[in-house]
Amino acid sequence: MKVCIVGAGYVGLPTGVCLSKYGHSVTILENNPQKLEMLKAGDCPIYEDGLDADGLKCIEFTDDYGTVYDKDIVILAVGTPSKLDGSADLSQIFGVCDKIKSYLHKGQYLAIKSTVPVGTNRRVAQAIDNRCPVISLPEFLREGTAISDFLNQDRIVVGCDDSSAGDVIDKLYCGRNDTTEMVVTNPESAELIKYASNAFLATKIHFANELADLCEQVGASVKSVTTGMGLDKRIGKHFLNAGCGYGGSCFPKDTRALLKISDKASLSIVKTVVEQNVKRQLKIGDRIKDFAKRANVTKIAFWGLAFKGNTDDVRESPALEIIDWVMKDLGLQISVYDPKAMKNSEPALSGRVRYATDEYDCADGAEMLVVLTEWDDFKKVDLSKLNMTKKLIIDYRGIIDRDNAVSCGYDIFTVGEGLKKGKQ
Ligand code: UGA
């Protein structure tokens with residue numbers, strides 16, 4: 001098939017690379033000149049595991065909207081960021097529709113991969129004067145594992161009134177696993193499946209976070225509790241890792257947007273999750289300040305800036321929110337390190353913190369180390385080689401081996417486990 005994807009972002013690029021692996025001819029339409037230049041030169045503008053020059057060289061990159069004319073399917077993968085009131089900003093979707101409308105014709109399909117409120121697919125069909133069927137094709141890829149998620153997806157959701165849409169998407173995903181299920185439904189249901197999935201996962205994470213608070217109070221271990229719960233197949237083990245709140249470009253935005261479109265239905269659980277997730281980050285900031293005050297600490301090292309491990313993305317990153325909140329206390333000296341998100345965090349932090357070259361440099365001379373992103377790299381650090389002047393670790397992702405930290409002489413607080421004193 002001849003495929004055009006509009007938008008070379010965290011969704012468009014992995015999708016393009018994987019569809020070309022399936023044997024399709026893929027063109028990506030990108031209107032940002034800097035990004036386009038990089039991509040044409042074989043450089044990837046984002047960090048994403050498995051997105052390399054080899055994958056990119058199979059794709060044609062262009063800024064010519066006329067390219068959609070000879071394609072079998074055009075897939076929109078542009079951003080739908082939050083507006084100030086929490087609703088989804090659809091200006092990029094409708095902006096692209098305006099630009100491609102005159103090139104669309106019968107025999108083609110327009111698919112919407114961007115996360116859009118219920119009713120948008122029908123509005124898009126009107127915006128392109130019904131020149132071709134519009135398919136809601138929500139994506140379920142996670143940043144950092146997008147390529148492997150694509151190649152091993154649980155399900156493909158297709159929302160369209162045109163009866164041929166299921167067959168077209170079946171052909172598009174010709175290389176999928178035998179275990180991938182396909183759900184074909186109407187556009188409204190497909191749009192809602194995406195929002196409901198993200199809201200449910202966000203709720204699961206928030207539940208684990210509240211359990212973590214309880215575990216700290218009663219002396220239980222949240223890891224044991226969630227492992228024990230997750231073994232029940234009805235509950236499932238995924239997305240029960242307690243941490244410092246969910247972030248990123250999807251969960252916060254999509255949960256807010258879901259509340260905006262559900263003004264008549266109550267969705268009280270999601271409302272609480274949205275409110276409490278924001279509060280959690282500030283509470284964690286206060287807790288860190290409290291630890292610092294009690295231990296008479298003024299020099300704090302932070303490991304992790306990205307919203308989660310394995311990405312350079314800092315959009316709505318809990319780490320940045322927390323560091324910003326902690327920095328409101330005057331007199332603290334802060335160093336930061338993240339394996340991939342240093343550059344992207346500069347607009348938020350530059351000039352206010354010391355940018356370290358690695359984990360060891362970040363902790364050098366610090367009196368307290370705080371872990372805010374679940375990078376595997378952090379687990380591999382030799383704690384005995386850190387040159388800290390006081391030995392206190394606050395691990396809000398639960399990734400540092402507590403027994404090892406204790407035997408290296410650190411007091412360690414772990415989310416959902418509490419404080420353990422180091423061996424003197
Ligand atoms: C999320 C969904 O997982 C994808 O299925 C969806 O396609 C995507 O949003 C989207 O709508 O585009 P993503 O935002 O890349 O993917 O990241 P997740 O891996 O879901 O993590 C989101 C946040 O939750 C991160 O801050 C992460 O640290 C946090 N998290 C995740 C936890 O705190 N605990 C967990 O157990 C899992």
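This report describes the surroundings of the ligand and the packing of two helices.

The model is predicted. Start with the ligand. It is surrounded by 20 residues. The closest are E139, L141, E143, K194 and N198. By type, the shell divides into 9 nonpolar, 3 polar and 8 charged residues.

Polar backbone atoms of the protein pair with ligand atoms as follows.

| Ligand atom | Partner in the protein | Distance |
|---|---|---|
| oxygen | polar backbone atom of E143 | 2.6 Å |
| nitrogen | polar backbone atom of N241 | 2.8 Å |
| oxygen | polar backbone atom of G247 | 2.9 Å |

E143 thus appears twice: it is one of the closest residues, and its backbone contributes a polar atom 2.6 Å from a ligand oxygen.

How much of the ligand does the protein cover? On its own, the ligand has 710 Å² of accessible area. The protein covers 94% of that area.

Which elements give two or more residues to the shell? They are α8, residues 187-218, and α10, residues 251-261. The largest share comes from α8, with 3 residues.

Now follow α10 away from the ligand. Helix α10 packs with helix α11, which spans residues 268-294. Their axes are 10 Å apart. The angle between the two is about 140°. Angles over 145 degrees would count as roughly antiparallel. At about 140°, α10 is therefore oblique to α11. The crossing of these two helices is left-handed.

In short, α10 belongs to two parts of this picture: it gives residues to the ligand shell, and it packs with α11.

Terms used: Residues are numbered from 1 along each chain as its sequence is written. This is a predicted model: local features need pLDDT of at least 70, side-chain atom pairs count only at pLDDT 80 or more; totals for chains, interfaces and linings use all residues. Side-chain values use heavy atoms; hydrogens and water are left out. A residue is near a molecule or strand if one of its heavy atoms lies within 4 Å of it. A polar contact is a pair of N or O atoms within 3.5 Å; within protein, one must be able to donate a hydrogen and the other to accept it, and residues adjacent in sequence count only if both atoms are side-chain atoms. Accessible areas come from the Shrake-Rupley method with a 1.4 Å probe; for residues, only the protein chains shown count as cover. Helices (H or I, at least four residues) and strands (E, at least two) are DSSP runs, numbered from the N terminus. Ala, Val, Leu, Ile, Met, Phe, Trp, Tyr, Cys and Pro count as nonpolar, Asp, Glu, Lys and Arg as charged, and the others, Gly among them, as polar. Axes are lines fitted to C-alpha atoms, for helices over the stretch in contact, and angles run from 0 to 180 degrees between N-to-C directions. Angles under 35 degrees count as roughly parallel, over 145 as roughly antiparallel, 65 to 115 as roughly perpendicular and the rest as oblique. A crossing is left-handed if the near helix is turned anticlockwise from the far one by less than a right angle, and right-handed if clockwise.
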